[in-house]
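Colleague: I am new to this structure and would like a close look at one part of it, namely the charged side chains and how they pair. Could you take me through that slowly, and then show me what surrounds them?

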Amino acid sequence: MAISVFDLFKVGIGPSSSHTVGPMRAAFLFVSRLHDTGLLERVASVRCELFGSLGATGHGHGSVPAVVLGLSGEQPHLVDPVEAEPIVAAVRSGGRLALGGKHTVAFSVDDDVVLHRRGRLSFHSNGMVFLALDAEGRPVDRREYYSVGGGFVLDEDETGEPVLREDPTPVPHPFGSADELVARAREHGLRISDVMLANEAVWRPEQETRAGLLHLWSVMRACVERGTTTGGVLPGGLRVRRRAPELRRHLDEEVDAAEPMDRVTLHALAVNEENAAGGRVVTAPTNGAAGIVPAVLHHAASTVRGFDDDAVVRFLLTAGAIGLLFKRNASISGAEVGCQGEVGSACSMAAAGFAELLGCSPEQVENAAEIGIEHNLGLTCDPVGGLVQIPCIERNAVASVKAITAARMARRGDGVHHVSLDKAIKTMRETGADMSVKYKETARGGLALNVIEC
C-alpha cells in the first residue's frame, strides 16, 4: 500500500485546504454523483450544511463561496481565483445556480449553505451534508463528506476506512514509518528522494513525475511573485495589511546589508498573504502552512551550490516522504490536532528537503525532520476572527527559519539522536487528541478570544 507525493502537494486556492479546497471538492463530487447516477435533471434545489470546525470558522475561511463554486462545477486546481468572486456574486444576486454548469436550480447563498457553529458529525470535525430535492421537496439524494486535511475528502462510504486512502499498487520500496524509510534507503544505498522517485514510477514515467514537481515549483514561484508585488489590505474585516511588497522593496534597496533570513521571511509572508487573499497556492501540506516549503526551497535556490531542476525534484520528493508519514500516522488537519499538524508538519517536511540538498545522509534527513516537528509540538490553531491571517501568516515565516536551522543542526550531527521522528509523530497525534477543541480551528480559544477581547 502506498500514496503518491502528488496526493500531498496539490494546486488549489486560498485561504484553506480543509475549509476551502475540501468543501469545493466535496460539492463538485456531489454534483458529479448526481450527474453520473442520472439524477441531476430531477433536482430542483440543493442544500449544504457545514459542521464542526467548518461551521465554526467557515465564513472566515471561505467555505461558503467554496461550496457555491464546487456546485457550479469548479475545481480547486482549475478555478481562476480572479473569476471565483464574480461567479459567487452572480449566484447571490440572481438566486440561480447551474449545477455542474449544466442544470440550473433556484439557490440562495445565505439560506442554502448553513453553518452549524456548535454541531458536529461523528466521524470528523470537518463534516458536510449535501441534500438534493425535487420540485415537490422530496429528497433525490443525500451525502455526507469529510474534509480531513490538506484538501483530502472522504464520503460517507469511506468513513470505515483509514483517513488516508492508499493505492494497492505494489511499490519497490514500501515504508510506513520513518524507521522503515531510512532502512529502505540504507539497504539499497539510496537517498530519501531516490526511494520516493522509485515508488512514484509505479504510477507514471519518471519524466512525468519530474515535470509534475517542477510545475508545482513554478506555481510556488508565481505565488511568491504575486505576493511580493500585490499590496493593500487582506479581506475579512481585520484590516491586516499586506507586508510582503514593502519588505521586498526594503530588501532590494539593502542588497548587501540584507540578512538571508529576511528573504526567507519575505517569501513565507508573500505566500501566506496570497493564500489569505484567496490566491493560487500549493498545499504543502495544507494552505495554512503553504508558505514554509516554498520559502525554504527559495532559500535553497540561493544558497545551495549547483542548485538546478534536479535539486527541486529531490527537495520536494524528500519533503513529500516526510509529509506522507504525518498524514498516515497522525494528521495534517488543524481541526483535528491543532496547528502542530499544519505548520509543524510543514516545518518538518521543509527541514528534511533542505537537509537532502545539503548532502545529508538518510539518518541526518530523518533527524532534521524530527527537530522540525519536535519544536512545534503542542502548537494550537486559534485563528483570530476565524481568518487564516493572525497568527498564521507570521507563523509560517518563523517556522521557515526554524526548518533551515533544523537542517543545519542535523547536518552537523551524525544522525544519531534520542528522539526519533516516529516517536515525535506519535507524540503529535497524542497531543492533538488531548488538546481542547477550542484550540482546533474553531476560533473559540487562545488568540482568537484574547485579541477580540482587547
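Modeller: The structure, which is a predicted model, holds 25 salt bridges, and a few of them serve well as a way into the fold. One of them joins the side chains of Arg263 and Asp252, with a nitrogen-to-oxygen distance of 3.0 Å. This pair links distant parts of the chain, since Arg263 belongs to helix H11 and Asp252 to helix H10, with their positions 11 residues apart in sequence. Arg263 is partly exposed, at a relative accessible area of 27%, and Asp252 is likewise partly exposed, at 39%. Elsewhere, salt bridges that share partners tie Glu206, Arg210, Asp310, Arg314 and Glu356 into one network.

The two helices that carry Arg263 and Asp252 deserve a longer look. Two packed helices are described by the angle between their axes and by the distance between those axes. For H10, which covers residues 244–253, and H11, which covers residues 260–276, the axes come within 9 Å and cross at roughly 155°. An angle over 145 degrees counts as roughly antiparallel, and H10 and H11 are therefore roughly antiparallel to each other. The crossing in which H10 passes H11 is left-handed. On the H10 side, the residues that meet H11 are Ala244, Pro245, Leu247, Arg248, Leu251 and Asp252; on the H11 side, they are Asp262, Arg263, Thr265, Leu266, Leu269, Ala270 and Glu273. Both partners of the salt bridge thus appear in these lists, Asp252 on the H10 side and Arg263 on the H11 side.

A second pair is formed by Arg186 and Glu363, whose side chains meet in a salt bridge at 2.5 Å, N to O. Here too distant parts of the chain are linked, with Arg186 in helix H7 and Glu363 in helix H16, 177 residues apart. Arg186 counts as partly exposed at 47% relative accessibility, and Glu363 is also partly exposed, with a relative accessible area of 23%.

A third pair, Asp134 and Arg138, has its side chains in a salt bridge at 2.9 Å, N to O. Asp134 has a relative accessibility of 8% and counts as buried.

What, then, of a buried charge that has no salt bridge? Glu370 is such a residue, and the nearest side chain of opposite charge, that of Lys423, is 10 Å away. Glu370 lies in helix H16, which covers residues 362–374. Apart from neighbours within four places in sequence, Glu370 is in contact with Ser348, His417, Val419, Ser420, Leu421 and Ala424.

Helix H16 also brings us to helix H8, because H16 is among the elements against which the buried residues of H8 pack, the others being helices H1, H7, H9, H13 and H15. H8, covering residues 192–200, is mostly covered, with seven of its nine residues buried. Those buried residues are Ile192, Ser193, Val195, Met196, Leu197, Asn199 and Glu200, so that a glutamate is again found among the buried residues, in this case Glu200 of H8.

Away from these helices, some loop residues are buried as well. Glu441 is found in the loop between helix H18 and helix H19, and at 3% relative accessibility this glutamate counts as buried. Its backbone has a positive phi of about 60°, although Glu441 is not a glycine. Ala443, placed in the loop between H18 and H19, also has a positive phi, near 60°, in a residue other than glycine.

Asn126, in the loop between strand E5 and strand E6, is buried with a relative accessible area of 0%. Leaving aside neighbours within four places in sequence, the contacts of Asn126 include Ser18, His19, Phe51, Tyr145, Tyr146 and Ser333.

Gly14, in the loop between strand E1 and helix H2, is buried at a relative accessible area of 5%. Gly14 touches Thr20, Asn275, Gly278, Gly279 and Asn287, when residues up to four places away in sequence are not counted. Between Gly14 and Val282 there are 9.3 Å in space, C-alpha to C-alpha, although they are 268 residues apart in sequence.

Key. Residues are numbered from 1 along each chain as its sequence is written. This is a predicted model: local features need pLDDT of at least 70, side-chain atom pairs count only at pLDDT 80 or more; totals for chains, interfaces and linings use all residues. Side-chain values use heavy atoms; hydrogens and water are left out. Helices (H or I, at least four residues) and strands (E, at least two) are DSSP runs, numbered from the N terminus. Buried means under 20% relative accessible area, exposed over 50%, partly exposed in between (1.4 Å probe, protein chains only). Lys and Arg count as positive and Asp and Glu as negative; His and the chain ends are not counted. A salt bridge is a side-chain nitrogen of Lys or Arg within 4 Å of a carboxyl oxygen of Asp or Glu. Contact means heavy atoms within 4.5 Å. Axes are lines fitted to C-alpha atoms, for helices over the stretch in contact, and angles run from 0 to 180 degrees between N-to-C directions. Angles under 35 degrees count as roughly parallel, over 145 as roughly antiparallel, 65 to 115 as roughly perpendicular and the rest as oblique. A crossing is left-handed if the near helix is turned anticlockwise from the far one by less than a right angle, and right-handed if clockwise.
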